[in-house]
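Reader: Hi! I'm new to reading protein models and I'd love a close look at one part of this one. Could you walk me through some of its salt bridges?

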Amino acid sequence: MSQTKKNEALSFEDFKKEVLQDYTIAKISRECSLLGRREVLTGKAKFGIFGDGKEVPQLALAKAFQNGDFRSGYYRDQTFMMAIGQLTVEQFFAGLFGHADIDHDPMSGGRQMGGHFATHSIDKDGNWKKLTAQKNSSADISPTAGQMPRLLGLAQASKYYREFPGADKQQNFSVEGNEVAWGTIGNASSSEGLFFETINAAGVLQVPMVMSVWDDQYGISVHAKYQTTKENISEILKGFQRDENGNGYEIIRVNGWDYPGLIEAYNKASKIAREEHVPVLIHVQELTQPQGHSTSGSHERYKSKERLAWEAEKDCVLQMRNWMIESNIATEEELTQLDKELKKQVLDGKKAAWKAYLDPIVAERNELVDVLNTVASASANKVFLEKLAVDIAAIKEPIRKDVITVARKALRMVISEPVKSALIAFIEKYYAKVQPKYSSHLMSESAYKAEAIAEVKPVYDETSEEVDARIIVRDNFDNILSKHENVMIFGEDSGNIGDVNQGLEGLQEKHGVNRVTDTGIREATILGQGIGMAMRGLRPIAEIQYLDYLLYAIQIMSDDLATLQYRTVGRQKAPLIVRTRGHRLEGIWHSGSPMGMIINAIRGMHVLVPRNMTKAAGFYNTLLETDEPALLIECLNGYRLKEKMPNNLVDMRTPIGVVDTMKEGSDVTIVSYGSTLRIVEQAAKELLEVGIDVEIIDAQSLLPFDINHDIVKSLEKTNRLLVVDEDVPGGASAYILQKVLEEQGGYRHLDSEPQTLTSRAHRPAYGTDGDYFSKPQIEDVFERVYAMMHEQNPTKYPSLY
C-alpha cells in the first residue's frame, strides 16, 4: 500500500484503516466538487472546474509520491493534493472564492481560478525551503498541455543531481537524484504538440518522469475519436515501449476504478523511474466525469443515455465503495454514516472559508460607510452621500469592487468641498492596502532582485588584447561553469560544436557533455527543461538558436515562466536564463527583431539587449546573482567584431534596467539598443560633419527600462527625441515612447514632435539589399535627424528634399 509500509506485512486492521482513510479523502474531494458547483451556480464563485471522477487514481499516485518529488499537473488533481496533505477543505473553497490572501489560499492567493495547485518552494523573503523534506507541486497553469515542458525539467534535475551531487551538497533539492517528477494530463490534451514534444524528449533524455493520462474519453464535449488516433494514447505510443535493444518508456495501462490495480501500477512506476531513471507512461482508462467538464455547461447535452448510465455505474468512488463492502473492509451502514459525516464536514469547511473571505471585505465596507456618513454631515450633497452609504450597507455580501466604486463616486460629489480630504485618504489607503493583493510579485521582491546587484565595470590595462567578441562571452561562460557546479548550458548545437557562433567553443570537452549539452530541435521543451531545473535550485542557461525561433517557445515563456512568481505570490521561482541571438542577419526567418511582441508577452521576465559581448557577459554574471528569469539577446553580427578583453570577466556586472549614454550631445537624443546602435554611431559621426551633435543612449534592457529615468534628463538638454528600432512600426519603439513620454514625463521637455525610426511592417527581405530596404540604415538616421533640425532652424539646415 503506502510507501512507508510497502515493505512491511500489514495487519488486516491496519489495511482497513488505510483504505478507510483513502475513501475518506476521496469522498471529501467528491463532496467539494459537488458543493463547489453549487457555489458557482448561486453566484458566490465565478467559475468551477473540478476533479470529480478522478479521485481513486489520484489516491494511488499520492501513495507512491515521496518527499522531494514534484508534481506538474492540471486542474483535476484536487484529490491528490488533499492526499499529500497540501489542500484542506477550507483552502479548496478559498481558491474557488478567489480569496486574495496567501494564508487562506496558499495555491495562488486568489490569483488563479480554483483547481490550480502549488506548494511553497520559497519563504516570504525569497529563500529556498528544503524541498527534499516536503512534497512539492509546481504551480499549475490553465493552457492545455502547458504543464508538460516544465515536467521535463523537473525530472531532468534529478538526473543532473545524481551525476553532480556537488551542485547540492546540503541536499536541499535532491537526495542522490532519487526524486520523481509526476505529470498528469487529460486524454484530450494529449493531442497537443507540447505533449508529444515532451514525451519524445523525456525518452531521449531518460529522466525519472511518470506521466499519468486521465482518460474519460472526452475533451469538453468532443469524443476521443476526434482527438486521438485509434482513440487510445497508449496504443499509439507503444513504439516508445522500452525493450532489450534500447532506451524507451515503460507503458502501463490500468482502469481508473480499480483501487488495488492502481496502487500496484503506481508503485511499479515509482520504482522504475526512481531507481532506473526510466520514464513511465500510465494510461488510466475508464474514468468518468460526473458533473461534466466545468460549470460552463452540462454533459447531458453531448453524452448519450448509454454513456451516462455507464459513467454512473463505473464511477471510481462508487466502485471503490463496492469493493470495500465486498472485501469486508466496511459495511454499507458504516459507509453510509461516514458519507453523511463527511458531507457535513465539507459543508462546514465551505462556510468557514466563505466567512474568512467575506469578513475582511465587510469590515472595509463598514469603514467606508463611517467615512461617508462623516463626510455627508459636512457636505452640501448630504442626501446623496447618505444614500450611497445606505445602499452599500445593504449589500450583504459585498466585494471590493463595490467598496472602491462607491468611494470614488462619492468623491465626485464633494469635488469642491474641503471635506473631500477624508474620502481621498480612504481611497489612497484602500489602494495601498488592496492593490498589492492583486498586483504584487510580477518580479521578485526579495533581496535577490536584479536592482540589488551593483554594477561592476569591466577593467582594462595596457596588456588588454583586442579579440573576437565571441571569445569574451566564451571565456566568461568558462569562468561561470568553473565557479558554479549548478550551472549548465543546453540548446541546439550548443554542445559539440560550441554553438553556431562559437560562443561555447571547447566548453563541452572541458566541462562535460551533461553541463554543455546539445538538444533536439524542440524549442518549447528546451524552455521547459530550464524552467523545471530552475524550480529545483539549479541555474540553467537555455539556448534558443535564433530570436525568430523563440516563437515556438513564447507560449511557455509567457504563460508559465513569466507568471510564476506572480501566480504564486512569490512562493515559487525559476531563475532561468534564456540565451538567444538576433538582429540584422539575413532574411525573413533569421534577422527578425519582434521585440514588441516579446516584451508585451513576457512581463515578469527581464529582456536584455546588450550591444556587445562585454555587456552580455556582464549581464550573465548579474543574472546568476538574482532570483529572476531573463531573456538575453546577443547581437548576431557582433561575434566577429573586435572588443578588448576585460581583466575581470568573472567579476564584472552589467546593471539591469540602467541605460548607458554612449555619446553626449546637445541637439537630439537618440535612443536605441542592440546592433542598431552601430548604425546610429556612424550616422552621428556624419551628422557632426554638418554641425548636428546628437546624444546616443543605449537602452541596454527593455524590461525593466531606464529605472533611473536618465533619458528624460537627456531631453532636458536636447529637447528632441528619436527612437531607432529594428522592430515593426509601433513595436518596441511605441513601448519606449510610452516609458519616456508618459511615465518619465518627457513630453514636458520637447520642442518638436517625438519620432520613431523603425523597420518596415513586413519581415526583412533576404540579402544585403533586402536588409537595406527593410531596416533602418545610416542614411535613414541621418535624414530623420536632419529633418528634425530643419524644422527647428530651416535657414541653418535647408531641406534635403
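Does Lys 433 count as buried, partly exposed or exposed, and at what relative accessibility?

Author: Sure, let's start there. Lys 433 counts as partly exposed, because its relative accessibility is 45%, and the label runs like this: buried is under 20% relative accessible area, exposed is over 50%, and partly exposed is in between (1.4 Å probe, protein chains only). Before going on, a word of caution: this is a predicted model, where local features need pLDDT of at least 70 and side-chain atom pairs count only at pLDDT 80 or more, while totals for chains, interfaces and linings use all residues. Residues are numbered from 1 along each chain as its sequence is written, and side-chain values use heavy atoms, leaving out hydrogens and water.

Now for the partner. Lys 433 forms a salt bridge with Glu 364, and their closest N and O atoms are 3.4 Å apart. (A salt bridge is a side-chain nitrogen of Lys or Arg within 4 Å of a carboxyl oxygen of Asp or Glu.) This pair ties together distant parts of the chain: Lys 433 sits in helix α14 and Glu 364 in helix α11 (residues 332-376), 69 residues apart. Helices here are DSSP runs of H or I with at least four residues, strands are runs of E with at least two, and both are numbered from the N terminus. Unlike partly exposed Lys 433, Glu 364 is buried, because its relative accessible area is 3%.

That's one bridge out of a count of 53 by this rule. Take Lys 615 and Asp 660: their side chains meet in a salt bridge at 3.3 Å, N to O. Again distant parts of the chain are linked, with Lys 615 in helix α21 (residues 613-623) and Asp 660 in strand β17, 45 residues apart. Lys 615 is buried, at a relative accessible area of 15%. The backbone of Lys 615 has a visitor too: the side chain of Thr 654 reaches its oxygen at 2.9 Å. Thr 654 lies in the loop between β16 (642-644) and β17 (660-663), and counts as buried at 6% relative accessibility.

Next come Glu 235 and Arg 253, whose side chains meet at 2.9 Å, N to O. Glu 235 belongs to helix α7 (residues 233-236) and Arg 253 to strand β7 (residues 250-255), 18 residues apart. Arg 253 is partly exposed, with a relative accessible area of 42%.

Finally, salt bridges can join up: Asp 499, Glu 543, Arg 579, Arg 581 and Glu 634 are linked in a network of them.

Notes. Polar contact = N/O pair within 3.5 Å; in protein donor to acceptor, adjacent residues only side chain to side chain.
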